[in-house]
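Biologist: Hi, I have some time for a new chain today. Could you put it up so we can talk it through?

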Amino acid sequence: GRIVERGTLREVFKNTKHPYTEGLFNSLPNIKNRKDRLKPIPGLMPDPTNLPEGCPFAPRCDAAMKICLRERCQRMQINDWHQAACWLNVKEAYEKGGEAE
């Protein structure tokens, strides 16, 4: 595996920047409200000995773009304490008129 998101506890939990991290959090049981159903990540994990060309999570990601299927994104700085490897962050930075670091 690869680390797709890295940051402080607060940044990663409160400002999640990778759909896989979000999927993992959504699949955890909510101890406060036991009536909530778990939301498992759909599909199967790819064979680690035969990973796809792009992002290994792309086939199971609702937000995947064409580039996700072709090219793996490098981790980019979200802020001083947070990094994530997702093309959505590059797209967001571009749309805001900035550049990915």
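Modeller: Here you go. Before we read the fold, one term: helices (H or I, at least four residues) and strands (E, at least two) are DSSP runs, numbered from the N terminus. Keep in mind that this is a predicted model.

Biologist: Thanks! With that in hand, what pattern does the chain follow along the sequence?

Modeller: Reading along the sequence gives β-α-α-α-β-β-α. That comes to four helices and three strands.

Biologist: And what does the C-alpha trace span along its principal axes?

Modeller: About 40 × 35 × 20 Å. The chain has 101 residues, and 26% of them count as buried. It exposes about 7,900 Å², with carbon and sulfur atoms supplying 53% of that area.

Biologist: Which residues make up the largest nonpolar core?

Modeller: There are eight: Ile41, Cys55, Phe57, Ala58, Cys61, Cys68, Cys73 and Trp87. Cys73 touches Trp87, and also Ala85, Cys86 and Val90, leaving aside residues up to four places away in sequence.

Biologist: Let's switch to pockets. What is the volume of the largest one?

Modeller: About 650 Å³. It is lined by 28 residues, and Gly1, Arg2, Val4, Pro56 and Phe57 are the closest to its centre.

Biologist: Which helices each supply at least two residues of that lining?

Modeller: Helix H2 (19-26) and helix H4 (87-95). By class, the lining of the largest pocket has 21 nonpolar, three polar and four charged residues.

Biologist: How much space lies in the second largest pocket?

Modeller: About 190 Å³. Its lining has 13 residues, and those nearest the centre are Pro19, Gly23, Pro42, Phe57 and Asp62. Seven of the lining residues are nonpolar, two are polar and four are charged.

Biologist: Pro42 caught my eye there. Where is its place in the chain?

Modeller: Pro42 sits in the loop between H2 and helix H3 (66-70).

Biologist: Why does Pro42 count as partly exposed?

Modeller: Because its relative accessibility is 48%, and partly exposed runs between the 20% and 50% cut-offs. Pro42 and Cys61 are 19 residues apart in sequence, with their C-alpha atoms 8.4 Å apart in space.

Biologist: Back to H2 for a moment. Which of its residues are buried?

Modeller: Pro19, Thr21 and Gly23 are buried in H2. Their cover includes strand E1 (5-7), helix H1 (9-14) and H4.

Biologist: How about Phe25, is it buried, partly exposed or exposed?

Modeller: Partly exposed, because its relative accessible area is 23%. Phe25 is in H2 as well, and it touches Val12, Phe13 and Thr16, not counting residues up to four places away in sequence.

Biologist: And how many residues separate Phe25 from Leu38 in sequence?

Modeller: They are 13 residues apart in sequence, and 9.7 Å apart in space from C-alpha to C-alpha.

Biologist: Let's try the strands. Where does Gln77 lie?

Modeller: In strand E2 (residues 76-79). Gln77 counts as partly exposed because it has 27% relative accessibility. From Gln77 to Val90 is 13 residues in sequence and 9.9 Å in space, C-alpha to C-alpha.

Biologist: What about Ala84, buried or exposed?

Modeller: Buried, because its relative accessibility is 0%. Ala84 is found in strand E3 (residues 82-84).

Biologist: Which residues does Ala84 touch, not counting those up to four places away in sequence?

Modeller: Val4, Glu5, Lys17, Gln74, Arg75, Met76, Ile78 and Asn89.

Biologist: And how far are the C-alpha atoms of Ala84 and Ile67 separated?

Modeller: By 16 Å, with their positions 17 residues apart along the chain.

Biologist: One last thing, on contacts across the chain. What share of those between residues at least 6 apart in sequence join residues at least 24 apart?

Modeller: That share is 35%.

Note on methods. Residues numbered from 1 in each chain as written. Predicted model: local features only at pLDDT ≥ 70, side-chain atom pairs only at ≥ 80, totals over all residues. Heavy atoms only, no water. 1 Å grid on protein atoms, 1.4 Å probe; cavity = no way out; pocket = protein on both sides within 12 Å on 5 of 7 lines; lining within 4 Å. Points joined across faces, edges and corners; volume = space filled by probe spheres on them. Nonpolar A, V, L, I, M, F, W, Y, C, P; charged D, E, K, R; others polar. Buried < 20%, exposed > 50% of the residue type's maximum accessible area, 1.4 Å probe, protein only. Contact = heavy atoms within 4.5 Å. Areas by Shrake-Rupley, 256 points an atom, 1.4 Å probe, with all protein chains shown as cover. Core = buried A, V, L, I, M, F, W, Y, C linked by side-chain atoms within 4.5 Å.
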